[in-house]
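Grab a pencil and work through these exercises on helix packing, single residues and whole chains. Try each task before you read its solution.

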Amino acid sequence: MGGHTSPEDIKKETRTYLLVFAALAVATVITVTVSYLDLNRTQAITVALFIATIKGGLVAAFFMHLLSEEKFIYSVLVLTLVFFVALFVLPISTLADAVGEHFVMEGVEHGESEAH
Amino acid sequence: MEIPYTVEVRPDTGLYNAKMGIWLFLASEVMLFGALFSTYIILRTGNPDWVQHSMNVPLATLNTMILISSSVTVVMSWASLRLKNFARFRMYFTGTLLLAGGFMVVKAIEYNQEFSQGLFPWSDNYMGIYFALTGLHGLHVVGGMVVIGYLLGPGAKMWRTAPEQYVNRIECLGLYWHFVDLVWIFLFPSLYLL
Amino acid sequence: MSPIDEQHPEEAPEVSEEAHEHAHDEHHGEHEESFIWKYVFSTDHKMIGIQYGITSLLFLAFGFALMLIMRWQLGNPGQPVPFIGGLLGQANAPGGVVLPEFYNQLGAMHGTIMVFLGVVPLAVGAFGNYIVPLQIGAPDMAFPKLNMMSYWFYFLGGVVMLASFVAPGGAANSGWTSYPPLSVAVATEGQTYWLIGMVFLITSSLLGAVNFITTIVQLRTKGMTWMRLPFFVWSQLVTAFLLLLAFPPLEAAAVFQLMDRVLGTSFFLPSGLIVSNQILQVAGGGSALLWQHLFWFLAHPEVYVLVLPAMGIIAEVIANNTRKPLWGYKPLVYSTVFLGFMSFIVWAHHMFLTGMGTVMNAFFQTTTMIISIPSVVILTALLLSLWGASIRFNTPMLFALAFLPMFGIGGLTGLPLGLAPADIHLHDTYYVIAHFHYVVAPGTLFALFAGIYYWYPKVTGRRMNEVLGKIHFFASLVFINGVFMPMFLQGLAGVSRRLYDGGATYSHAQGVLEWNAFMSNSAFLLALAQLPFIFNFFWSIKMGKVVDSNPWRATTLEWVATTSPPLGHGNFETVPVVYNGPYEYSVPGRDDDYLPQNVAVQEG
């Protein structure tokens, strides 16, 4: 998005920004309201993260204008996203797939490890 | 020889240098906050004695609204500048700075409440992660405020000398600011609501 | 100062700062630069590259000296350290005899300094900064001020690390890996310095990475397409991505460990931890393994941060001195990109012995085996490049030729460590030390030496002395193998690393104990072997053979489109335009045996 957009386009953009703002505000109210309902843990997490993802998506898509961005930025973000997911999935599944009881540790752990 | 593409766009990438730079920086920020959130999940699921304190949700909701508003003002300030309306830009941009300041004030009130309840980073791992995450996020807000202050004050001269570059700077600051907002959008439910 | 000055009055600053203080009164456009802005707070990528180069070489020497003290203790247990024993301080080495606590500091700081303050700043900060903009035809890095900040963050990080030696209780002593609970509940004040230093170093690397990627993507000159990029630039690009995306989690981890140490949180401290027969008074509930995950999420890609720029240098030197195109340029590029990608998902092979279950174990073994494929492709391509060439055996080429088998040994001995059953035996033994040192010392460091000899004429306009260079090379090659080869034997016998007495108190170590003295003596001779290099490095600044702009008859832009040393700000008289691939050597039908990248050929 260079400086080549016409004033009319920019004005149209600003209307979108205000709509997005309204949506974000409404979503915030919803997510707070839902948190006062008696949902079970899984439901609560699902709903809260779902709403947060929508809100984050709106910010990224419109405010950070990711809807119409250059290919290079998309590539970097996809790459980042892959490693971002790895940063969650691999440590968590490794810690979950443990031999014995080490996840809840008692006493000093002797797991000195190698460095190569 | 001048460094090319500081202002104008390189045809094959469609980007000027600073925009690529800020996005790369944000990519590294994604990994930073990824590690912070990953830590939170690992510590919380791995500890059978985890204590989840109920924090001050009304104040945090207020802060969410403040930060969302500041995101709108910053994007409006950029739009105003592209419409060459410097006065309106300055209004929105000052508004962003004030909202950011407001966010920090609310945060300080919250921290004070927690301290007075005897809740400190070392109290337990929930409090530890709470202060680590909100603290690092707060540092990002403060960092953003410094840059906004600079661009409003001494940095604003550039509007007269190199207007296009100034617009670019506002765009990059905006991208950073939206990212700070985006992080908060995920911090808020995971620390306060779940 | 010399003929070069008369030829190119606008030359870039050289290696020795003091000598040139008032030598030039250059006028770059409107502003005149004072000494401090030109040499200290410079924003010129070449000056910053030189700053990085000098600082990192000093750190390499310092880290090497730490190792010599350790090797003295291992080779001559209980004997006072000669020459410098008295300087080590009564608290560390009473009467010059190294104490176990001090030995731990030496080990931790040797690793930290070599990796984070020595090799990476030299490979990326110095070579990357100086060479990349020249090779892509750019006037400077994309963000010169950021570049300067990056250097000063690095410098600050280095100062903090050095200061930790005089902290109460001495420097960090929990290994370069800083595993908790040891590093949190037991370690001395120096560990806090270490963490603060790391935060600075990480910040420096992140700024550098943003700058490198933007520069390479945005500032390539006209005609410099992706497949015409010199391989060195590719290696720096992938390296920058590794730094950009792998370092932030360690930054987060460093902040957490800092909070554990300073604020008393328990991110890495489990409940009921007993230290010195007392239950530690912390909230508990943390996970020590979490640190290992966050640490190795960086530290494994970091291995490739050390290796990739080295491979880049080797590719340049080999292509130039075989006088023929690199064999398999495209496979090299694709392998490097794939290697970089895979390096993010192999890290837990450092943690096989932490009680990992079989599923994840199998996953990480598989990814580790997969990542060896691109490494082998790269090494094979470089090796095949030699086939049928009439090789010029100059000093840079000798180092490059030695790199291939040395890195090969390092890489292949890594395979047993990547397979859990073998790792059970080899884990934490001297075998591991031997393995990764073969990758980094006769591997990467030899490549960096090759780079120094190769690009020295670029920076100074003079060549380093060949005879001294060859003495340096052959002596280093012999003695470095003397240091590391016996470690494989000790490791296979089961001798653990990080032992203050080198294993003397263990019965299973007795059969291989005599190697300790051999390795230590090799290390001291290796130190002597660096003297010709050090002398050569300084002597050649003034007395080296003056050469023209392209002494190696190379094809890439840094040699053919500008002078040696290059012009000051801006690098090029006119913006170079690229018509050819990077390694057009011995093109049939041409008089010269090299075709510069910026020369257009008419098809006839």
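**Exercise 1.** Work out how helices α5 and α7 of chain C are oriented toward each other and which residues make their contact.

*Solution.* Bear in mind that this is a predicted model. Start with the axes: those of helix α5 (residues 144-163) and helix α7 (residues 190-218), both in chain C, come within 8 Å and cross at roughly 160 degrees. Anything over 145 degrees counts as roughly antiparallel, so α5(C) is roughly antiparallel to α7(C). Next, the handedness: the crossing of α5(C) and α7(C) is left-handed.

Now list the side of α5(C): C:Leu146, C:Asn147, C:Met149, C:Ser150, C:Phe153, C:Tyr154, C:Leu156, C:Gly157, C:Gly158, C:Val160, C:Met161 and C:Ala163. On the α7(C) side they meet C:Tyr193, C:Trp194, C:Ile196, C:Gly197, C:Met198, C:Phe200, C:Leu201, C:Thr203, C:Ser204, C:Leu207, C:Gly208 and C:Asn211. Sort the residues of the contact of α5(C) with α7(C) by class and you get 15 nonpolar, nine polar and no charged.

**Exercise 2.** Stay with α5(C), and describe how α4(C) packs against it.

*Solution.* Axes again: α4(C) and α5(C) come within 12 Å, crossing at roughly 165 degrees. That angle is over the 145-degree cut-off, so this pair is roughly antiparallel too. As for the hand, α4(C) passes α5(C) in a left-handed crossing.

The α4(C) residues in the contact are C:Met109, C:Thr112, C:Phe116, C:Leu117, C:Pro121 and C:Asn129. Their partners in α5(C) are C:Asn147, C:Tyr154, C:Gly158 and C:Met161. The class count for α4(C) with α5(C) is six nonpolar, four polar and no charged.

**Exercise 3.** At what angle do α4(C) and helix α15 of chain C pack, and how far apart are their axes?

*Solution.* The angle between α4(C) and α15(C) (residues 430-460) is about 35 degrees, and the axes lie 11 Å apart. The crossing of α4(C) and α15(C) is left-handed.

From α4(C), the contact takes in C:Tyr103, C:His110, C:Val119, C:Leu122, C:Ala123, C:Phe127, C:Tyr130, C:Ile131 and C:Gln135. Across from them, α15(C) brings residues including C:Tyr430, C:His437, C:Val440, C:Trp455 and C:Lys458. By class, the contact of α4(C) with α15(C) has 14 nonpolar, five polar and one charged residues.

**Exercise 4.** Is C:Gln105 buried or exposed, and which residues does it touch beyond four places in sequence?

*Solution.* First place the residue: C:Gln105 belongs to α4(C), which runs over residues 100-136. Its relative accessibility is 2%, so C:Gln105 counts as buried. Then skip the residues up to four places away, and C:Gln105 touches C:Asn92, C:Phe165, C:Gly169, C:Gly170, C:Ala171, C:Ala172 and C:Asn173.

**Exercise 5.** Do the same for C:Met519, then place it relative to C:Val599.

*Solution.* C:Met519 is in helix α17 (residues 515-529) of chain C. With a relative accessibility of 0%, C:Met519 counts as buried. Leaving out neighbours within four places, C:Met519 is in contact with C:Arg71, C:Gly482, C:Val483, C:Pro486, C:Met487 and C:Gln490. C:Val599 is 80 residues from C:Met519 in sequence, and their C-alpha atoms are 51 Å apart.

**Exercise 6.** Where does A:Leu58 sit, and how far is it from A:Leu24 in sequence and in space?

*Solution.* A:Leu58 is part of helix α2 (residues 41-63) of chain A. A:Leu58 and A:Leu24 are 34 residues apart in sequence, with 7.8 Å from C-alpha to C-alpha. Beyond four places in sequence, A:Leu58 touches A:Val20, A:Ala23, A:Leu24 and A:Phe63.

**Exercise 7.** Put together a profile of chain A and one of chain B.

*Solution.* Take chain A, step by step.

- Secondary structure: three helices and zero strands.
- Burial: 41% of the 116 residues count as buried.
- Contacts: with a separation of 6 or more, 55% join residues 24 or more positions apart.
- Surface: about 6,300 Å² is accessible, 70% of it belonging to carbon and sulfur atoms.

Then run through chain B.

- Secondary structure: six helices and zero strands.
- Extent: the C-alpha trace spans about 60 × 35 × 20 Å along its principal axes.
- Burial: 64% of the 194 residues are buried.
- Contacts: among those between residues at least 6 apart, 74% join residues at least 24 apart.
- Surface: about 6,900 Å² is accessible, with 66% belonging to carbon and sulfur atoms.

Note on methods:
Residues are numbered from 1 along each chain as its sequence is written. Chains are lettered from A and ligands numbered from 1 in the order in which they are written. This is a predicted model: local features need pLDDT of at least 70, side-chain atom pairs count only at pLDDT 80 or more; totals for chains, interfaces and linings use all residues. Side-chain values use heavy atoms; hydrogens and water are left out. Axes are lines fitted to C-alpha atoms, for helices over the stretch in contact, and angles run from 0 to 180 degrees between N-to-C directions. Helices (H or I, at least four residues) and strands (E, at least two) are DSSP runs, numbered from the N terminus. Angles under 35 degrees count as roughly parallel, over 145 as roughly antiparallel, 65 to 115 as roughly perpendicular and the rest as oblique. A crossing is left-handed if the near helix is turned anticlockwise from the far one by less than a right angle, and right-handed if clockwise. Contact means heavy atoms within 4.5 Å. Ala, Val, Leu, Ile, Met, Phe, Trp, Tyr, Cys and Pro count as nonpolar, Asp, Glu, Lys and Arg as charged, and the others, Gly among them, as polar. Buried means under 20% relative accessible area, exposed over 50%, partly exposed in between (1.4 Å probe, protein chains only). Accessible areas come from the Shrake-Rupley method with a 1.4 Å probe; for residues, only the protein chains shown count as cover.
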